[in-house]
Amino acid sequence: MHKAMLLVMDGLGDRPIKDLGWLTPLEAARTPNLDTLATRGVCGVMNAIGLGLRPGSDTSHLAILGYDIDQYYTGRGTIEVAGLGMELEEGDVAFRGNLGTVDENLVVTDRRAGRISDTGPFVQELNGLHYQGITMLAQPGTGHRVGVILRGPGLSSLISDNDPHEVGVKVHAALPLEDSKKAAFTAHVLNHFLTEAHRLLKNNPLNVERLKQGKPAANYLLARGAGYYKKIEPFEKRYGLRACAIAGGGLYKGLGAFTGMDVFKVSGATGLPDTDIAAKFKAALHALQGTYDFAFVHVKATDTYGEDGDYRGKLAFIERIDAAAGLLLDAPFLLAVTADHSTPCALKRHSGDPVPLMMIGEGLVRTDHITTFGERSCARGGLGRLTGLQVMPEIINLLGLSRLIGD
Ligand code: ZN
């Protein structure tokens, strides 16, 4: 059966922690199911974008899914808006947006407008604004989030964020990041739209209502992460595998949509620590028993705990993943399990440390002597050390689908 599931546990890799007896959270966690899989499979370690390089979650996933970031990555905005179901066209420049609150001096007082939950009526006012041949498209995301696309000729993604990323600071004007007409034009157009958006939002009757209720007005569009959209070869065309993406977090749904996968809505998949991991695995099993050939499954909270420096939380969450991984023990397809990058609790941020990787498939993989799924145990495994871009070719090879090079 030419089918595979790729499970990515975000930010799983870590460094030894004194309180855990100099073990990592993954090494210290009780993980009988993952260890059984390691015993049945072949293990290795992986650096998503290269040795010692600190990947973002967007770049690392693109590489793991087989897309060279030098060619395909121009910024996070395009991936995020794809995740909202917005259709991108070649030449679009897309942003991640927030509806935030500014005072009369344009100083940000709340980047999320009191964590506003329904931005629909506000975003409606911004969708379709037009200026100098460019149209702004806007669509609500979850909570305070908004997807923004600029569409029209002559745009560049080489412009800075207007979002100052902190409160108590005046919103920035978007600035060109290179000396080019396109970048200067794009910054000019975006700044115009943001001024216009502020005028419209400020005067929206719903904001008058919000102020009466003591809530901060959703009166400013903060934009960041400009990305330029170039057509990307869909995953199915690239590998001949009909693929689905199962994730809670917007970025990861976006990665699925961006690479042309079908993005599943799985009830209980939140991208948060409370996510229903078993529901995700069941959805993947169901898809692979049906017409799908490839399932990309993403679990986020390992990274969230790492960024909080909460190694006990990370360890406990890993044990929850392991409990659900019982569902995968007898899966009749190739299973690849890895992470996109390390997020060591001691650093509270992504690092360039390699992550563990294992591939399981009876009769497909050359099993090695590794019997536990951990950063150091996997480093001694039969897969050795791979880069992210080598993961998909190896999966394709193990499935028996790789093309003969030469004669
Ligand atoms: Zn990540």
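**Entry 1: zinc site.** I looked up the sequence spacing of the residues that donate to the zinc ion and found D-x46-S-x282-D-H. I note here that I am working from a predicted model. I then listed the protein donors of the zinc ion by atom: Asp10 (OD), entered twice, Ser57 (OG), Asp340 (OD) and His341 (NE2). I read their distances from the zinc ion as 1.9 to 2.7 Å.

I next placed two of these donors in the chain. Asp10 belongs to the loop between strand 1 (4-9) and helix 1 (25-28), and His341 to the loop between strand 12 (334-338) and strand 13 (355-360), so this pair ties together parts 331 residues apart in sequence. I checked the accessibility of Asp10 and His341 and recorded both as buried.

**Entry 2: overall fold.** I counted 15 helices and 14 strands in the protein. I compared the radius of gyration, 22 Å, with the 22 Å that the globule rule gives for 407 residues; the two are close, so the protein is as compact as a globular protein of that length. Along the principal axes, I found that the C-alpha atoms fill a box of roughly 65 × 55 × 40 Å.

**Entry 3: contacts and burial.** I took the contacts with a separation of 6 or more and found that 72% of them join residues 24 or more positions apart. Of the 407 residues, I recorded 54% as buried.

**Entry 4: surface and charge.** I noted an exposed area of about 17,300 Å² for the protein, with 51% of it supplied by carbon and sulfur atoms. I finally located the mean positions of the 42 positive and 45 negative charges, which are 2 Å apart.

How values were computed. Residues numbered from 1 in each chain as written. Predicted model: local features only at pLDDT ≥ 70, side-chain atom pairs only at ≥ 80, totals over all residues. Heavy atoms only, no water. Donors = N, O, S within 2.8 Å, 3.2 Å for Na, K, Ca; no water. Helix = DSSP H or I, 4+ residues; strand = E, 2+ residues; numbered from the N terminus. Buried < 20%, exposed > 50% of the residue type's maximum accessible area, 1.4 Å probe, protein only. Rg over C-alpha atoms; globule rule 2.2 N^0.38 Å. Contact = heavy atoms within 4.5 Å. Areas by Shrake-Rupley, 256 points an atom, 1.4 Å probe, with all protein chains shown as cover. Lys, Arg positive; Asp, Glu negative; His and termini not counted. Charge placed at Lys NZ, Arg CZ, Asp CG, Glu CD.
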